[in-house]
Amino acid sequence: MRKLLFQGLVRPPFTEVAPAISAEELAELSARLDAVARRRLGRGLAIRQVDAGSCNGCELEIHALHNAFYDLERFGLRFVASPRHADVLLVTGPVTKNMAEALARTYEATPEPKWVVSAGACALDGGIFAPSYAVVGGVGQVIPVDLHIPGCPPTPADLLKGLVSLLEPR
Ligand code: SF4
């Protein structure tokens with residue numbers, strides 16, 4: 001016990017290294033996303049996240065958009081519980097056979113205008129899970145995809161940049 005107490009006193013604190021993106025760059029990117037969403041939709045962006053069979057690595061990065069560092073809700077970006085309230089379907093993972101119909105139904109339930117963003121290597125073509133008997137393939141095999149964000153997993157900054165490029169006129 002004394003040994004543990006001593007180690008606790010002499011060891012440096014265990015903290016994660018800060019994300020590569022600077023606070024200024026993050027604020028600029030988030031403000032751009034907010035502005036373009038308001039211009040195109042008249043309000044902030046509503047996202048319905050669909051896990052079509054992911055290992056949850058992609059979800060951890062998506063959750064980070066809500067943490068104290070990114071805190072994207074202050075820029076109007078919201079994750080919603082129903083596809084009926086969503087502008088964007090953010091789909092992760094390879095599409096498993098069990099999730100294919102649910103994904104197609106979620107797409108049908110999302111009102112126009114809607115965008116589909118697939119995130120992560122698995123969502124493109126099944127990734128490392130592609131050979132599995134339980135996997136249909138990438139998201140594009142089941143529903144039309146407007147934008148793919150690469151990475152295994154993509155970082156929160158990658159996700160944010162992807163959403164900005166989706167909404168900004170090309
Ligand atoms: S892309 Fe990587 S982190 Fe995302 S679901 Fe596939 S294996 Fe997991």
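A residue is taken as buried when its relative accessible area is under 20%, and in this predicted model helix H3 has Gly57, Cys58, Glu59, Ile62 and Ala64 as its buried residues. These buried residues of H3 pack against strand E1 (46–51), strand E2 (78–79), E3, E5 and H6.

The protein chain contains six helices and seven strands, which follow one another from the N terminus in the order α-α-β-α-β-β-β-α-β-α-β-β-α. Its C-alpha atoms fill a box of roughly 60 × 45 × 25 Å along the principal axes, and 44% of its 170 residues count as buried. Among the contacts in the protein chain with a separation of 6 or more, 80% are accounted for by residues 24 or more positions apart.

The ligand sits in the largest pocket, where the elements contributing two or more residues to the surrounding shell are helix H3 (57–64) and helix H5 (121–125). The shell consists of Ser54, Cys55, Gly57, Cys58, Gly120, Ala121, Cys122, Phe129, Gly151, Cys152 and Pro153; by class, seven of these residues are nonpolar and four are polar, while none is charged. Gly57 and Cys58, which belong to this shell, are also listed among the buried residues of H3.

The largest nonpolar core comprises 29 residues, of which Leu33, Leu45, Val88, Val117, Leu163 and Leu167 touch the most other members. Two or more residues of this core are supplied by each of helix H2 (23–41), strand E3 (88–92), strand E5 (115–119), strand E7 (147–149) and helix H6 (156–167), with H6 providing the largest share, seven residues. When neighbours within four places in sequence are left aside, Leu45 is in contact with Leu33, Ala37, Gly76, Leu77, Arg78, Asp87, Val88, Leu163 and Leu167; the contacts of Leu45 thus include Leu33, Val88, Leu163 and Leu167, which are themselves among the core residues that touch the most other members. Apart from this core lies another, of 12 residues, including Tyr107, Val116, Ala123 and Ile143.

Within this second core, Ile143 is placed in the loop between strand E6 (135–137) and E7, and it counts as buried because its relative accessibility is 3%. Beyond its neighbours within four places in sequence, Ile143 is in contact with Leu103, Ala104, Tyr107 and Val116, and of these partners Tyr107 and Val116 are also named as members of the 12-residue core. The C-alpha atom of Ile143 is separated by 24 Å from that of His63, a residue 80 positions away along the chain.

Two further buried positions were examined for their surroundings. Ser30 is found in helix H2 and, with a relative accessibility of 1%, counts as buried; residues up to four places away in sequence not being counted, Ser30 touches Leu72, Phe75 and Leu160. Tyr70, in turn, lies in the loop between H3 and E2 and counts as buried because its relative accessibility is 4%. With residues up to four places away in sequence again excluded, Tyr70 touches Pro19, Ile21, Leu26, Ala64, Leu65, Pro156 and Ala157, and one of these partners, Ala64, is a buried residue of H3. Between Tyr70 and Leu103, which are 33 residues apart along the chain, the C-alpha atoms are separated by 28 Å.

Key: Residues numbered from 1 in each chain as written. Predicted model: local features only at pLDDT ≥ 70, side-chain atom pairs only at ≥ 80, totals over all residues. Heavy atoms only, no water. Near = heavy atom within 4 Å. 1 Å grid on protein atoms, 1.4 Å probe; cavity = no way out; pocket = protein on both sides within 12 Å on 5 of 7 lines; lining within 4 Å. Sits in = over half its atoms within 2 Å of the grid points. Helix = DSSP H or I, 4+ residues; strand = E, 2+ residues; numbered from the N terminus. Nonpolar A, V, L, I, M, F, W, Y, C, P; charged D, E, K, R; others polar. Core = buried A, V, L, I, M, F, W, Y, C linked by side-chain atoms within 4.5 Å. Buried < 20%, exposed > 50% of the residue type's maximum accessible area, 1.4 Å probe, protein only. Contact = heavy atoms within 4.5 Å.
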